[in-house]
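Me: I would like a close look at one part of this protein. Please keep the sentences short and take me through it step by step.

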Amino acid sequence: MFGVQKATQLTSGDDEAATLRRLAGLYAYPDRPASPPCLPRPFLRANMVSSIDGAVTHNGKSGDLGGPGDRTIFRVLRGLADLVLVGANTAATEGYRQPAPDDMFAADRAAREQHPAPALALVSRSLSIPGDYTPLTHPDTVVVTCRAAPPERRAALTAIGATLIDCGDDTVDIDQLLDVCAERGWVRMLSEGGPSLLGALIDADVVDELCVTTSPTLVAGDSGRIARAPGKAALHAMRPATIITDDDGFVFTRWTRATGEGA
Ligand SMILES: NC(=O)c1ccc[n+]([C@@H]2O[C@H](COP(=O)([O-])OP(=O)(O)OC[C@H]3O[C@@H](n4cnc5c(N)ncnc54)[C@H](OP(=O)(O)O)[C@@H]3O)[C@@H](O)[C@H]2O)c1
């Protein structure tokens with residue numbers, strides 16, 4: 001009944017390059033050979049951090065919950081991804097920058113014919129992203145929105161050079177979003193949240209893998225949890241794929257679908 005899965009230990013004295021390589025191996029995306037004329041369905045991984053008691057933020061941000069090991073995993077996941085997907089609110093709250101090329105992963109990315117850095121997709125219905133948010137005008141950033149987005153905000157963002165993609169009518173339709181990503185070759189997707197976006201992804205049943213950092217903290221307060229969505233709650237079975245701990249007491253888990261691809 002009980003399986004024993006040994007946790008991998010990350011030790012702060014370890015050589016950084018060796019640690020990054022080891023993690024890149026553990027977190028490698030599954031091979032998804034393209035089968036023309038069908039486009040491969042993207043593999044969607046989400047990464048979130050939470051306190052032991054389930055808080056997704058402290059003082060309104062996730063930063064206080066993180067640590068060096070968490071930042072290393074974050075770096076590795078970006079080093080492997082074609083696309084970073086993030087809710088516009090998180091991008092603004094957490095001061096997201098455009099993902100930059102990382103020398104540590106350059107050779108492997110080139111071998112996989114990936115761009116040097118992942119693209120960035122900001123998900124928003126309101127398009128209330130400040131016009132001076134610099135990633136907006138970067139050629140590798142897209143804003144994923146829907147046809148109900150306010151026309152004046154659409155015009156304002158288009159005028160400053162932002163690339164807007166409509167997926168759906170009243171809200172961003174997640175299946176359409178995945179189709180757009182497949183068309184653009186973004187088959188290794190990484191969602192960095194936040195909770196509303198993850199909730200929408202879970203609702204659409206497109207989460208192939210969830211990476212959760214458990215911060216060795218208790219927070220209480222009124223912070224939300226890592227996913228939320230209106231309406232009826234889902235119950236999708238997952239199974240643990242890797243468990244990693246570090247010297248600071250963080251636990252990094254990687255959960256994949258219990259059935260189907262990625263299991
Ligand atoms: N602990 C963690 O790992 C973690 C990770 C990320 C964020 N956070 C924290 O979470 C908080 C933000 O929470 P949140 O739930 O508001 O963040 P969020 O999921 O990043 O942002 C929600 C916004 O994304 C857009 N959105 C999401 N799904 C959509 C859909 N299907 N269609 C259209 N738009 C969609 C909407 O933008 P518009 O309002 O523009 O329409 C919505 O307001 C922040 O405090 C942040 O620090 C924590």
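Which residues lie nearest the centre of the largest pocket, and how many residues line the largest pocket?

Reply: One note before we start: this is a predicted model.

Let us begin with the pocket itself. Gly87, Thr90, Glu192, Gly194 and Pro195 lie nearest the centre of the largest pocket. Its lining is made of 47 residues. The space inside the largest pocket comes to about 1400 Å³. How is such space found? Rolling a probe the size of a water molecule over the atoms shows where empty space is left.

Now sort the lining by class. In the largest pocket, 18 lining residues are nonpolar, 19 are polar and ten are charged.

Next, see which elements supply the lining. Strand S2 and helices H2, H3 and H7 each give at least two residues to the lining of the largest pocket. Helix H2 covers residues 68-80, helix H3 covers 88-93 and helix H7 covers 195-203. The most comes from H7, which gives six residues.

Just before H7, look at Gly194, one of the residues nearest the pocket centre. Gly194 sits in the loop between strand S7 (188-191) and H7. A cis peptide bond links Gly193 to Gly194, with omega at about 5°. Most residues other than glycine have a negative phi, and most peptide bonds are trans.

Step back along the chain to S7. Arg188 is part of this strand. Arg188 touches Tyr29, Phe43, Leu80, Ala81, Asp82, Leu83, Arg112 and Gln114, leaving aside residues up to four places away in sequence. Val142 is 46 residues away from Arg188 along the chain, and their C-alpha atoms are 16 Å apart.

Now go past H7. Asp205 lies in the loop between H7 and strand S8. Asp205 has a positive phi of about 55°, although it is not a glycine. Is Asp205 buried or exposed? Asp205 is partly exposed, because its relative accessible area is 35%.

The chain then enters S8, which spans residues 209-215. This strand is mostly covered, with six of its seven residues buried. Two strands pair with S8. Strand S2 (residues 43-51) runs parallel to S8, and seven bridges join them. Asn47 has Cys211 as its bridge partner in S8. Strand S10 (residues 251-257) runs antiparallel to S8, and six bridges join this pair. There, Glu209 stands opposite Thr256 of S10. In a regular strand the side chains alternate between the two faces of the sheet.

Take a closer look at Ser215, which belongs to S8. Ser215 has a relative accessible area of 1%, so it counts as buried. A polar atom of the Ser215 side chain lies 2.9 Å from the backbone oxygen of Leu65. Leu65 is also among the residues that Ser215 touches. The others are Val49, Ser50, Ser51, Ile52 and Phe250, not counting residues up to four places away in sequence.

Beyond S8 comes another loop. Ala220 lies in the loop between S8 and strand S9 (238-246). Ala220 is not a glycine, but its phi is positive, at about 50°. Ala220 is exposed, because its relative accessible area is 52% and exposed means over 50%.

To recap, start at the pocket, where H7 gives the most to the lining. Then follow the chain to S8, which is joined to S2 by seven bridges and to S10 by six.

Technical notes
Residues are numbered from 1 along each chain as its sequence is written. This is a predicted model: local features need pLDDT of at least 70, side-chain atom pairs count only at pLDDT 80 or more; totals for chains, interfaces and linings use all residues. Side-chain values use heavy atoms; hydrogens and water are left out. Buried means under 20% relative accessible area, exposed over 50%, partly exposed in between (1.4 Å probe, protein chains only). Helices (H or I, at least four residues) and strands (E, at least two) are DSSP runs, numbered from the N terminus. Two strands pair if DSSP finds at least two bridges between them. On a 1 Å grid over the protein atoms alone, a cavity is a set of points where a 1.4 Å probe fits but cannot get out, and a pocket is an open set with protein on both sides within 12 Å along at least five of seven lines; lining residues have an atom within 4 Å of a point. Grid points are joined across faces, edges and corners, and a volume is the space filled by probe spheres set on the points. Ala, Val, Leu, Ile, Met, Phe, Trp, Tyr, Cys and Pro count as nonpolar, Asp, Glu, Lys and Arg as charged, and the others, Gly among them, as polar. A polar contact is a pair of N or O atoms within 3.5 Å; within protein, one must be able to donate a hydrogen and the other to accept it, and residues adjacent in sequence count only if both atoms are side-chain atoms. Contact means heavy atoms within 4.5 Å.
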